Every structure is written in C-alpha cells, then in structure tokens.
Amino acid sequence: MASLIRNAGRLRPLKRPSPSTYLPTRSVTISARPAANVAAAVMPEASNVDQPFFPSEPQGPTIRTAIPGPESKKAIEHLDRAFDIRSLNMMANYQNSFGNYIADPDGNVLLDVYAQIASIPVGYSNPSLLAAATSPDMASAIINRPALGNFPQHDWASILETGILKVAPRGLDQVFTAMAGSDANETAYKAAFMWKRRMERGGPEVEFSTEEMDTAMNNQTPGSPHMSILSFRSAFHGRLFGSLSTTRSKPIHKLDIPAFDWPQASFPHLKYPLSENETENGQEEARCLAETEDLIRNFHSPVAAVVVEPIQSEGGDNHASPAFFRGLREITKRNNVLFIVDEVQTGVGATGKFWAHEHWNLAEPADMVTFSKKAQTAGYYFGNEDLRPNKPYRQFNTWMGDPARAILFRAIIEEIERLNLVENTARTGEYLYDGLERLAQQYPEHIQNLRGKGQGTFLAFDSPRRDEFLKKAKGEGVLIGGSGAAAVRLRPMLIFQKHHGEPLIMSPF
C-alpha cells in the first residue's frame with residue numbers, strides 16, 4: 001500500500017508480465033470434464049498455503065494505456081447510445097480476466113481488490129465454475145427456467161440441500177430464495193410483517209376479516225397496518241422501495257423516491273485504535289443500544305424487526321463490537337421483534353468466517369439472515385416455522401430465485417471447501433492488516449482509522465484525499481473501491497493471497 005500513497009498518491013508501477021501470462025492455459029479444454037478434475041488440473045490443492053491457487057494468473061498488473069484507453073472509449077461511446085454509463089468505473093474484458101486480475105479492451109490488466117463491489121468469490125474465469133456452468137444440469141436450468149413456486153424442478157430440494165442449505169447459519173434450516181440483495185431484504189421484511197400481524201391476530205388459523213381484506217385493497221388500516229422496520233444511520237440495505245426505506249447511506253440513493261416512515265437508530269461511531277479507546281467506545285455502543293430500545297418501544301409505527309449489517313459497508317465501512325450485536329439480539333428478544341442480519345456484502349467467507357455474524361457468538365441465532373453477492377444468488381435463511389406465511393402466494397413471485405444461480409453457488413461452496421478459502425481469507429487478512437498498521441504508524445496523514453482487525457480481508461481506512469488516491473491506484477494497475485465520505489475499502493476475492501498483498505504493503509515510499 002505504501003507504493004500507492006507515496007508522496008500523497010504518486011504510485012510506483014508494479015511488475016508487469018508479458019501478455020501470455022494473464023490468460024488461463026487450459027480453460028479451453030475443460031467443458032467436458034468434471035469440476036473436481038478440472039480444478040485439480042489447473043489449480044493446486046491448498047495443502048501448501050504458500051502455493052498460488054491460480055498458477056496461470058498474471059504476476060502483476062500491466063498498464064499499456066491510460067484508463068480508459070482508445071478501445072475502451074470506443075466501447076463506452078457505443079454503450080452510451082443504449083445504456084446509462086454515468087456510474088461506469090471501467091470497461092472490462094472478462095474473457096481476458098483471470099484469477100485476481102481484471103482486464104480491459106486495451107490490454108490493461110489490474111489487480112482487483114474491489115471484486116465487482118465484493119461480489120466475485122473465487123476469481124475471474126475460475127475453471128471449476130466454468131465446469132459447473134457447462135454441465136447438463138446448468139444447461140437445463142438456464143433454458144428451462146422454472147417458476148419455482150408453481151413448477152419447481154424435480155431436484156430442487158437436492159440442489160438446495162447440497163448448496164445453499166449446506167452452509168446455512170446455525171439454527172436456520174430453511175431458505176426463501178430471491179434474485180438480488182435488495183429482493184432478499186424486502187422479502188425478509190415481508191416475512192417479518194406477516195409474522196407480527198399473525199401474532200397479533202391470534203395465530204395462523206385465524207382467518208383474515210372482511211375489513212382487513214377490503215382495507216388492504218385501498219392501502220388503509222387494518223389491512224395495511226402501521227408497522228415498521230428499524231435500521232441504522234449510514235446503513236445500506238438496497239434500492240427497492242422497502243429496502244430503500246431502510247437505506248441511510250447517501251442521499252443520492254433516496255432523492256425523489258417516496259419512502260416509508262420508519263425509524264433509524266444511531267450506529268456506533270467508534271474511535272481508533274480500538275485498544276486506546278475502549279471506555280469511550282463502550283459508552284458509545286451503550287448509547288446506541290439504549291436509543292435502539294427506546295425507538296422499538298416508543299416509535300409511533302410499531303417495529304416488527306431490526307435489520308443490521310455486521311459491517312456497514314456502503315455507508316463507510318463502520319464497525320461495532322460483538323458485544324454491541326449481542327446487545328441488539330437481547331433487545332429484540334425481550335421486545336418481541338425479529339432480528340434480521342444483512343449479510344449481503346459480508347457473507348460467504350469475506351471476514352474470515354463463512355458468515356460475519358459468527359464472530360459475535362450469539363446465544364440465540366438471528367431470526368433471518370439475508371445473502372447475495374459472493375453467493376451469486378440471493379435469499380434469506382430462517383428457522384422458525386412461523387416465518388412461513390400462513391397461506392400460499394403471500395411470499396411469491398414468478399421466479400422466486402434461479403436454479404442456475406443456486407447451482408453456481410453450490411460450485412462456489414465446493415471450491416471454497418476444496419481450497420480452504422475461509423481460512424485463507426482469515427490468514428491473508430491478518431497479514432494485510434499488520435502491514436497496513438505499520439504503514440499507518442509511519443504515515444498517519446495518509447492512513448487513518450484503520451479498521452477490520454480480525455475480520456479477514458474486510459479492511460478499510462480513511463484517507464483525506466480518498467478519490468485522488470483511488471484514481472492514481474487505478475492508473476498504476478490496482479483497482480480499489482471507496483465507501484462513505486472518506487473510506488478506502490479492500491474487498492479482494494477469497495483467492496487473494498499474501499503474495500498478492502505484498503506489493504500493497506511492502507514497497508517503501
């Protein structure tokens with residue numbers, strides 16, 4: 001990282017390989033071979049932790065042109081005729097992207113520690129995933145996509161049991177599948193509201209009244225009751241209507257969109273380093289917990305559930321202690337509201353645990369855990385039978401998820417297990433944090449509020465010149481993301497290893 005912030009952002013080029021080093025050497029032959037055999041042929045087992053998972057990936061970035069270069073500019077101009085490009089970061093060529101490296105149309109190859117906003121789990125052009133993608137099961141799921149609520153395929157239960165449910169959080173043995181993270185959160189909110197009203201009504205056997213059915217059609221009470229979901233300041237839970245009402249990260253997400261009148265509590269604003277601010281941080285977390293409980297008890301629209309991210313990602317990479325989250329769980333239990341953990345960005349190994357909330361050591365499981373991004377599919381886990389609606393079609397849409405994406409997640413899980421990638425993330429994260437901590441002590445004007453210790457590679461720090469830093473990094477072949485007002489966040493893939501991190505933290509100023 002030092003090479004990226006030298007002299008307030010003048011970057012030192014990394015080693016540049018020849019073009020032949022950044023293309024997979026055997027990917028053209030793998031479509032007819034079983035996934036395990038393909039992976040073994042191209043990627044080694046993880047018995048030697050220093051052995052690269054992708055021997056054929058580039059040795060480092062290659063920068064041939066400015067970014068965007070001439071070919072990228074042509075592609076961008078072409079795309080702009082039909083598609084809004086104003087949020088474009090860079091134009092990519094995924095056929096030439098491999099492992100931890102992303103390529104563009106101009107032959108530039110960048111070390112990607114942003115990973116499509118934390119959503120690529122096991123590398124670009126992963127041979128094992130390609131084998132799964134070209135399997136007969138995948139082909140059938142793609143061309144015969146079922147309306148899962150009405151016409152599930154005969155092996156849907158098996159696909160779930162060997163994939164999504166295989167890695168279900170403790171105590172949560174059921175799943176509702178969805179299309180994306182926003183969708184996962186919204187359907188979890190719906191489940192919470194239906195659960196709450198069923199409790200108030202007297203149980204699942206109590207029929208809806210005529211008044212409830214009539215008023216629901218006019219968006220009036222009691223059929224459309226006054227209830228709410230409590231979220232936290234700086235939270236991000238999605239951009240659909242319900243999820244957007246719980247998103248509090250940036251005004252640009254919410255402007256001009258009608259929103260529900262739902263409460264927001266303060267999320268702890270911790271001071272760093274943590275070891276030097278334990279008393280003050282403990283007081284801050286206690287204040288936020290007290291505020292949360294007061295809102296649950298006194299907000300004018302009754303709270304059905306509390307939703308929280310283990311790490312507030314889009315809102316600036318804000319952390320809290322395990323004790324804070326255990327306190328939240330205790331508050332929800334004693335006030336009879338549900339506890340929803342949004343693991344859309346933190347889940348699937350990124351924090352050195354498969355699920356980030358495993359770091360909390362909860363006495364009782366969360367009521368629902370939502371997921372997407374690295375899972376490449378989406379949905380929410382739950383364990384309580386009462387969270388199933390009392391009648392069909394209440395939690396329903398045409399697709400209700402996608403078997404093709406569930407099959408892909410199963411292959412991702414197998415790859416994570418085969419290469420011990422959760423352990424790798426924990427180990428690599430410790431190495432990166434230690435290196436960044438040393439740099440922060442040497443150059444406090446550049447690296448401030450370093451956070452994420454013990455959270456795998458889910459690391460961040462604040463930089464007074466964050467946007468300039470990110471731009472210069474890209475120009476020297478390292479793709480890094482930002483969040484909040486000043487945070488630089490690392491979101492590498494699970495296959496990111498120490499040798500990928502060495503150029504970021506070992507080079508002198």
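1. Gln 174 stands opposite Phe 382 in strand 10, and this pair belongs to the junction of strand 4 with strand 10 (residues 378-382), where the two strands run antiparallel and are joined by five bridges. Strands here are DSSP runs of E of at least two residues, and helices are runs of H or I of at least four residues, both numbered from the N terminus; two strands count as paired if DSSP finds at least two bridges between them.

2. The model is predicted, so that local features need pLDDT of at least 70 and side-chain atom pairs count only at pLDDT 80 or more, whereas totals for chains, interfaces and linings use all residues. Residues are numbered from 1 along each chain as its sequence is written, and side-chain values use heavy atoms, with hydrogens and water left out.

3. Strands 4 and 10 belong to an open sheet of seven strands, which has mixed pairing and the order 4-10-9-8-7-5-6. Its edge strands, each pairing on one side only, are strand 4 (174-178) and strand 6 (264-265). Helix 13 (residues 322-334) packs on this sheet and touches strand 5 (228-232), strand 7 (303-308) and strand 8 (338-342), contact meaning heavy atoms within 4.5 Å. The direction of helix 13 makes about 145° with that of strand 8, on a scale where angles run from 0 to 180 degrees between N-to-C directions and axes are lines fitted to C-alpha atoms, for helices over the stretch in contact.

4. The largest nonpolar core has 90 residues, and those with the most contacts inside it are Phe 232, Phe 324, Met 368, Tyr 381, Phe 409 and Ile 416. Such a core is a set of buried Ala, Val, Leu, Ile, Met, Phe, Trp, Tyr and Cys residues joined through side-chain atoms within 4.5 Å, where buried means under 20% relative accessible area with a 1.4 Å probe, protein chains only. Helix 14 (residues 403-418) gives the most to this core, with nine residues. Because domain 1 (2-132 + 420-505) and domain 2 (147-203 + 238-416) both give residues to the core, it lies between them; the domain bounds come from an automatic or database assignment.

5. The axes of helix 15 (residues 421-442) and helix 17 (residues 498-505) come within 10 Å and cross at roughly 10°. That makes helix 15 roughly parallel to helix 17, the term being used for angles under 35 degrees. Among the residues that meet are Tyr 431 and Leu 432 in helix 15, and Leu 504 and Ile 505 in helix 17.

Terms used: Buried < 20%, exposed > 50% of the residue type's maximum accessible area, 1.4 Å probe, protein only. Parallel < 35°, antiparallel > 145°, perpendicular 65-115°, else oblique.
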